[in-house]
Amino acid sequence: MENHDKPAFTILGSAAAEGIPALFCDCRVCREAAAKGGPEVRVRTSYNFGGDVQIDFGPDALQAWQGHRDLLRRMRHVLVTHAHEDHLQPTDLVYKGRWFASVAALPSVLEIHGTAPTRERLAREIWFGEETFAEKFRNCGLAFHEFKPFDSFPLAGCDGFVRTFAADHWKKLDPCVFLVTLRGRTAFVCNDTGWLPDATWDALAKLRGEVAIDVAVLDDTGMLAGAPEGPAGSDVWTRGHMSAPTILKAYDKLDSLGLLAPGCIRAVNHFSHNGGSTHGELRAFYEPRGIVVGHDGLVL
Ligand SMILES: [Zn+2]
Ligand SMILES: [Zn+2]
Ligand SMILES: [Zn+2]
């Protein structure tokens with residue numbers, strides 16, 4: 001829960017690309033989610049950290065804004081993990097322009113941080129008149145800052161600092177996972193990714209003693225696939241995305257590298273209905289193992 005000392009980490013959405021119940025799908029997970037509602041229903045994954053820092057800005061950004069308006073109007077920075085459509089909705093950013101938002105709700109320019117393919121997608125999908133990319137962004141009250149995997153940079157105006165690491169995901173997008181430190185609290189945002197690349201593990205290992213993760217959220221697109229408790233005959237997910245057996249190993253490794261603060265909140269998120277488990281089934285598996293199952297609106 002948020003207190004005045006520590007910035008809250010809010011899960012705004014907890015699904016992979018199709019949502020749950022998923023568009024056009026009538027699988028068991030989607031049917032049960034439709035029937036039960038509550039935390040079984042998931043929109044696309046994004047997070048907010050301490051108000052100031054938004055992580056990903058996908059097709060459900062409007063819904064997040066409507067549900068968490070007081071929190072999101074403190075947004076100063078958007079960190080984009082990668083340019084997949086469930087994590088980035090370029091055209092909605094334009095509505096920060098004064099012809100759309102007639103009275104500005106945000107305190108300042110919104111700083112968008114992403115890799116080069118993210119900038120390319122913004123340039124391709126935002127509509128431009130005679131303006132250049134820079135002019136369009138300025139006119140909309142936006143700024144773009146490019147980062148690469150294995151970068152680090154401060155977040156102006158909010159005592160924040162970001163470290164980026166290569167993810168094991170759609171390589172052409174230069175996807176990244178992040179360590180975000182905000183006002184003394186560090187979050188590890190670890191989707192979308194499979195088992196992390198060796199270079200990322202090496203870079204993380206070097207941070208021992210320098211960084212302690214207070215809240216970690218790992219990619220669980222494959223849910224319980226490959227675990228005895230998962231769907232019969234399912235294989236473990238290790239590449240591109242993870243499932244439970246890979247996640248348990250990843251938490252063991254983070255622990256053995258000395259990167260988890262005492263009392264670190266270990267969580268999983270970014271679920272696909274194709275993983276084959278309901279929220280209730282995920283909780284039954286993870287909670288005895290000390291891992292929190294993400295759901296929309298959960299504050300960590
Ligand atoms: Zn995704
Ligand atoms: Zn489904
Ligand atoms: Zn993705």
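How many disulfides does a search of the whole structure find? The search returns zero. Two cysteines illustrate this in the predicted model. Cys-176 takes part in no disulfide, and the nearest cysteine sulfur, belonging to Cys-190, is 11 Å away. Cys-190 likewise is in no disulfide, its nearest cysteine sulfur being that of Cys-176. Cys-176 counts as buried, at 1% relative accessibility, and Cys-190 is buried too, with a relative accessible area of 1%.

Other cysteines appear at a metal site, and this is a good place to begin a tour of the zinc ions. The zinc ion (ligand 2) is held by three sulfur donors and one nitrogen donor, namely Cys-25 (SG), Cys-27 (SG), Cys-30 (SG) and His-273 (ND1), at 2.1 to 2.3 Å. The angles among these four donor atoms run from 102 to 119°, and the site is tetrahedral. Along the chain, the donors of the zinc ion (ligand 2) follow the spacing C-x1-C-x2-C-x242-H. Distant parts of the chain are linked here: Cys-25 sits in the loop between β1 (9-13) and α1, while His-273 sits in the loop between β12 (260-269) and α9 (279-286), 248 residues apart. The two residues can also be described by their accessibility. Cys-25 is partly exposed, with a relative accessible area of 25%, whereas His-273 is buried, with a value of 5%.

The other two zinc ions are best described as a pair. The zinc ion (ligand 1) and the zinc ion (ligand 3) are 3.6 Å apart, and Asp-192 coordinates both. This bridging residue is buried, with a relative accessible area of 3%.

For the zinc ion (ligand 3), the protein donors are His-82 (NE2), His-84 (ND1), His-169 (NE2) and Asp-192 (OD), at 2.1 to 2.4 Å. In sequence these donor residues are spaced H-x1-H-x84-H-x22-D. The four donor atoms give angles of 92 to 167°, and the site is irregular. His-169 belongs to the loop between β8 (160-166) and β9 (176-182) and Asp-192 to the loop between β10 (185-190) and α7 (198-205), so the pair ties together parts that are 23 residues apart in sequence. Both His-169 and Asp-192 are buried.

For the zinc ion (ligand 1), the protein donors are Asp-86 (OD), His-87 (NE2), Asp-192 (OD) and His-270 (NE2), lying 2.1 to 2.2 Å from the ion. The spacing of these donor residues in sequence is D-H-x104-D-x77-H. The arrangement is irregular because the four donor atoms subtend angles of 91 to 156°. His-87 lies in the loop between β4 (77-79) and α4 (90-93) and Asp-192 in the loop between β10 and α7, so this pair ties together parts that are 105 residues apart in sequence. His-87 is buried, with a relative accessible area of 0%.

Attention now turns to charged side chains. Side chains of opposite charge can pair when their charged atoms come close. A search of the whole structure finds 13 salt bridges. One of them joins the side chains of Arg-44 and Asp-60 (2.7 Å, N to O). Arg-44 is in the loop between α1 and β2 (46-49) and Asp-60 in the loop between β3 (53-55) and α2 (61-67), so the pair ties together parts that are 16 residues apart in sequence. Both of these residues are buried.

Another salt bridge connects Arg-239 with Asp-168, with the closest N and O atoms 2.7 Å apart. This pair links distant parts of the chain, 71 residues apart: Arg-239 in the loop between β11 (213-219) and α8 (244-256), and Asp-168 in the loop between β8 and β9. Arg-239 counts as exposed at 65% relative accessibility, but Asp-168 counts as buried at 11%.

A salt bridge can also be found within a helix. Glu-125 pairs with Arg-121, the closest N and O atoms being 2.7 Å apart. Both lie in helix α5, four residues apart, about one turn of the helix. Glu-125 counts as partly exposed at 32% relative accessibility, and Arg-121 is buried, with a relative accessible area of 10%. Elsewhere, a network of salt bridges links Arg-28, Glu-32, Lys-36 and Glu-281.

Finally, the surface carries a nonpolar patch formed by Tyr-95, Trp-99, Phe-100 and Trp-127, with about 540 Å² of accessible area together. Trp-127 is located in the loop between α5 (116-125) and α6 (133-139) and is partly exposed, with a relative accessible area of 41%.

How values were computed: Residues are numbered from 1 along each chain as its sequence is written. Chains are lettered from A and ligands numbered from 1 in the order in which they are written. This is a predicted model: local features need pLDDT of at least 70, side-chain atom pairs count only at pLDDT 80 or more; totals for chains, interfaces and linings use all residues. Side-chain values use heavy atoms; hydrogens and water are left out. Donors are N, O and S atoms within 2.8 Å of the metal (3.2 Å for Na, K and Ca); water is not among the atoms, so sites may look incomplete. Four donors count as tetrahedral if all angles lie between 85 and 135 degrees; four count as square planar and six as octahedral if opposite donors are over 155 degrees apart and all others between 65 and 115; anything else is irregular. Helices (H or I, at least four residues) and strands (E, at least two) are DSSP runs, numbered from the N terminus. Buried means under 20% relative accessible area, exposed over 50%, partly exposed in between (1.4 Å probe, protein chains only). A disulfide is a pair of cysteine sulfur atoms within 2.5 Å. Patches are made of residues with over 30% relative accessible area and no salt bridge: like charges are joined within 9 Å, nonpolar side chains (Val, Leu, Ile, Met, Phe, Trp, Tyr) within 5 Å. Accessible areas come from the Shrake-Rupley method with a 1.4 Å probe; for residues, only the protein chains shown count as cover. A salt bridge is a side-chain nitrogen of Lys or Arg within 4 Å of a carboxyl oxygen of Asp or Glu.
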